[in-house]
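The exercises below are to be worked with the sequence and the 3D structure in view. Try each task before reading its solution.

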Amino acid sequence: MKLSIKSVAVLFMGLALVSSCKSKKPNSVKLGKNSTATGITYNKKGGFQVDKKFKGQPTGPNLVFIEGGRFTMGALEEDVINTRDNLERTVSVQSFYMDETEIANVHYLEYLNAIQKDSAQEFYESALPDTLVWKDELAFNDSYVEQYLRYPGFRMYPLVGVSWTQATDYCTWRTAAVNNDLAMKNQKGKKSTTKRKGKAAGAEVKAAPAFSAGQRLPIESGIVLPAYRLPTEAEWEYAAKAMIGTQYEDENQVNQRIYPWDGPSMRLSRGKHKGDMLANFKRGRGDYAGIAGKSNDKAIITTEVYEYPANDFGLYQMAGNVNEWVYDLYRPLSYEDMNDLNPIRRNDFMDNAKNYDRKNNNSLIDNRSRVYKGGSWADVAYWLAPGTRRYLDQDSSTSTIGFRCAMIRAGTNK
């Protein structure tokens, strides 16, 4: 028997009514009107206030979401220098955000401009990158010394000559700058909404309280972003490998990865761009780019931060171009003294600096030794594998080390 249009409509209305009757459990985004603990209504005058406009953590400028998970951390390449300082182990990393590119010269010049206006001259001078990292008595790098940081033609080239300490200071400033901008924009939005409502109702409406630069909104507002910071070594390695691109049928993975892409080659293995280089690195002694033409990797020194294809997380230049500082203190046995959830080496806990006797020049390792990873324009392909690691004093800088920032994902893992 055929159903009439009216019967079908009644049927759909009934189904909708039944589904609406099902109790919807509150979550962090859709909290509901009342407290599930006390039953008291939220946002009553003089009562507990919650922001019902919260829709989850906003994505900060230049950040890419990295869904957390389990992975095999450690070196997959042959340990040619026999350091044995990053043996394989299974760890899990919570979801986080990471800059899709390395911090470029123009980004750091923006920082220098800001702190020159509101900071002491001493701090401004301490923040200046060391442009002399390009100087070499046996090489004609004079133009890089004078122009690499400030000449417009290098604006979107990765920042170099910056120490771990300077990179950390930049993260602190960036957190304040981004949150201040978000707060100012939110204040403008409230003012314009208030004016429209007042005009429509024909009534006098009080303006929203003024927000001035330098103030900080409360965390409960949901507008304030967590701190920008250097990524941990585990986060960096997880993001670089991007094993999400190898998954199929639930938790199965097709293969491991030596580099941030599939296969052992440094060139694209298929497609119309087959044979093109995938990274900027040193091919061999005296060979920084190959011969002119198609086989050229497009760079003698560094290159633009968006050059070469992104990995499966959407991150650019996670291999080559410049090495990148990470948060961790260097210890050769970090793979043993670790937590298997969000591992990090903050200090010399369980591996004291005195064990290495830096004072008597029996080692270069101390509590100022910071890890850097990724390989650079001046490194051979071995160092482009995410599992390799090196270290340098936190106040030192070179023409081959830059950085990018990370941020925790507050709330859901997805």
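**Exercise 1. Give the strand order of the open sheet of four strands, and name its edge strands.**

Solution. Step 1: the order of this open sheet is S9-S8-S7-S10, and its pairing is mixed. Strands (E, at least two residues) and helices (H or I, at least four) are DSSP runs numbered from the N terminus, and two strands pair if DSSP finds at least two bridges between them.

Step 2: strand S9 (390-393) and strand S10 (401-402) each pair on one side only, and these are the edge strands.

A note on the source: this is a predicted model, in which local features need pLDDT of at least 70 and side-chain atom pairs count only at pLDDT 80 or more, while totals for chains, interfaces and linings use all residues. Residues are numbered from 1 along each chain as its sequence is written, and side-chain values use heavy atoms, with hydrogens and water left out.

**Exercise 2. Describe how strand S7 pairs with S10 and with S8, and how far S7 is covered.**

Solution. Step 1: strand S7 covers residues 323-329 and pairs with S10 in the parallel sense, over two bridges. Asn323 has Ile401 of S10 as its bridge partner.

Step 2: with strand S8 (residues 369-373), S7 pairs in the antiparallel sense over three bridges. Here Trp325 has Tyr372 of S8 as its bridge partner.

Step 3: six of the seven residues of S7 are buried, so the strand is mostly covered. Buried means under 20% relative accessible area, exposed over 50%, and partly exposed in between (1.4 Å probe, protein chains only).

Step 4: as a general point, the side chains in a regular strand alternate between the two faces of the sheet.

**Exercise 3. Is Asn321 buried or exposed, and which side chain does its own side chain contact?**

Solution. Step 1: Asn321 is in the loop between strand S6 (252-253) and S7.

Step 2: the relative accessible area of Asn321 is 0%, so this residue is buried.

Step 3: its side chain and that of Glu102 are joined by a polar contact of 3.2 Å. A polar contact is a pair of N or O atoms within 3.5 Å; within protein, one must be able to donate a hydrogen and the other to accept it, and residues adjacent in sequence count only if both atoms are side-chain atoms.

**Exercise 4. How many disulfides are there, and why is Cys405 not bonded to Cys171?**

Solution. Step 1: a disulfide is a pair of cysteine sulfur atoms within 2.5 Å. By this rule there are zero disulfides.

Step 2: Cys171 is in no disulfide, and the nearest cysteine sulfur, in Cys405, is 3.5 Å away. That distance is too far for a bond, which is why Cys405 is not joined to Cys171, the residue with the closest cysteine sulfur.

Step 3: Cys171 counts as buried because its relative accessibility is 3%. Cys405 is buried too, with a relative accessible area of 0%.

**Exercise 5. What is the volume of the largest cavity, and which residues line it?**

Solution. Step 1: on a 1 Å grid over the protein atoms alone, a cavity is a set of points where a 1.4 Å probe fits but cannot get out, and a pocket is an open set with protein on both sides within 12 Å along at least five of seven lines; lining residues have an atom within 4 Å of a point. Grid points are joined across faces, edges and corners, and a volume is the space filled by probe spheres set on the points.

Step 2: two cavities of 30 Å³ or more are found in the whole structure. The volume of the largest cavity is about 90 Å³.

Step 3: its lining includes Met73, Arg89, Glu233, Ala234 and Asp328. By class, the lining has five nonpolar, one polar and five charged residues. Ala, Val, Leu, Ile, Met, Phe, Trp, Tyr, Cys and Pro count as nonpolar, Asp, Glu, Lys and Arg as charged, and the others, Gly among them, as polar.

**Exercise 6. How many residues of helix H6 are buried?**

Solution. Step 1: helix H6 (residues 233-241) has nine of its nine residues buried. Among them are Glu233 and Ala234.

Step 2: Ala242 follows H6 and has a positive phi, near 50 degrees.
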